[in-house]
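Q: I am new to reading protein models and would like a close look at a single part. Please take me through one loop residue with care, and then set it beside other parts of the surface.

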Amino acid sequence: RTGIAFSSFPQPPFCHKRAATSCIWVVVKLTLYKIHLMKKEAPSMPQSRPRYEQMYPDLLAFSILILLAGFCLDSPSNILTGLRTIILTEDALITDYVRIAGPGAALVNSAIVTAITVFILRYSGEPFNGTTLVVVGLMAGFSLFGKNFLNIWPILAGTWLYCKTRRVTFGKFAYISLMATALSPIISYIVLDNGWGSLPLALLVGVVIGFVMGPLSAYTYKVQ
């Protein structure tokens, strides 16, 4: 069998499912109301307002929807157990978090990573643009297998360290750093390996990956 049935996981109590469904409906209604207001106020909007500035609350709402969807599919106790399983799993290239931890924990992990991504892009000083949607979508999707809210940090720290040594703003390489976290499963693999792996080695590898991705991406861009 290549798939896995959600019914094989413990189902959450009805009160949790009903509450999460109600919250999703409220978020959807608020989003639709905001879109209606934006269309109504569009002619009177000042031209100096950044075109993509409205993406910030919308992307946060997107991460909240993923979070609530996770709580619709599983109970809080099972989600916490599943998150622990995700963190302590040796990610060998591609690891299906839905299979090993359940759909609820996988979606909550995706929501946390998505929110982290949005906050990093927001406070890095880099304005939102079309690439923002691409990066947020990739981070949300790949957080369902291999990437979690802990193993991404060494690579991000490596890029931040590179920016400090070059005396440039982190926002210049924020998108590159976030996309480089596609290699973050190697962090979990090294940490949780029963042979030669260790936490210091995993942190070092992650920092090196993040450090070299900045200049490497600039070089490959010139080559293309």
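A: In this predicted model, arginine 167 has a relative accessibility of 78% and therefore counts as exposed, since the cut-off for that word is over 50%. Arginine 167 sits in the loop between helix 7 (153-166) and helix 8 (174-180), and its backbone has a positive phi of about 60°, although the residue is not a glycine.

Another loop residue to look at is isoleucine 94, which is found between helix 3 (76-87) and helix 4 (97-101). Isoleucine 94 is exposed as well, because its relative accessible area of 59% is over the cut-off of 50%. Together with Val134, Leu138, Phe142, Phe145 and Met179, Ile94 makes a nonpolar surface patch of about 520 Å². The largest share of this nonpolar patch comes from helix 6 (residues 130-142), which gives three residues.

From the patch we can turn to the second largest pocket, which holds about 180 Å³ of space. Its lining includes Ile87, Leu88, Asn148, Pro154 and Leu203. Helix 9 (185-192) and helix 10 (199-223) each supply at least two residues of this lining, and the largest share, four residues, comes from helix 9. Sorted by class, the lining of the second largest pocket has nine nonpolar and three polar residues, with no charged ones; Asn148, Asn151 and Ser188 are the polar residues in it.

Conventions. Residues are numbered from 1 along each chain as its sequence is written. This is a predicted model: local features need pLDDT of at least 70, side-chain atom pairs count only at pLDDT 80 or more; totals for chains, interfaces and linings use all residues. Side-chain values use heavy atoms; hydrogens and water are left out. Patches are made of residues with over 30% relative accessible area and no salt bridge: like charges are joined within 9 Å, nonpolar side chains (Val, Leu, Ile, Met, Phe, Trp, Tyr) within 5 Å. Accessible areas come from the Shrake-Rupley method with a 1.4 Å probe; for residues, only the protein chains shown count as cover. A salt bridge is a side-chain nitrogen of Lys or Arg within 4 Å of a carboxyl oxygen of Asp or Glu. Buried means under 20% relative accessible area, exposed over 50%, partly exposed in between (1.4 Å probe, protein chains only). On a 1 Å grid over the protein atoms alone, a cavity is a set of points where a 1.4 Å probe fits but cannot get out, and a pocket is an open set with protein on both sides within 12 Å along at least five of seven lines; lining residues have an atom within 4 Å of a point. Grid points are joined across faces, edges and corners, and a volume is the space filled by probe spheres set on the points.
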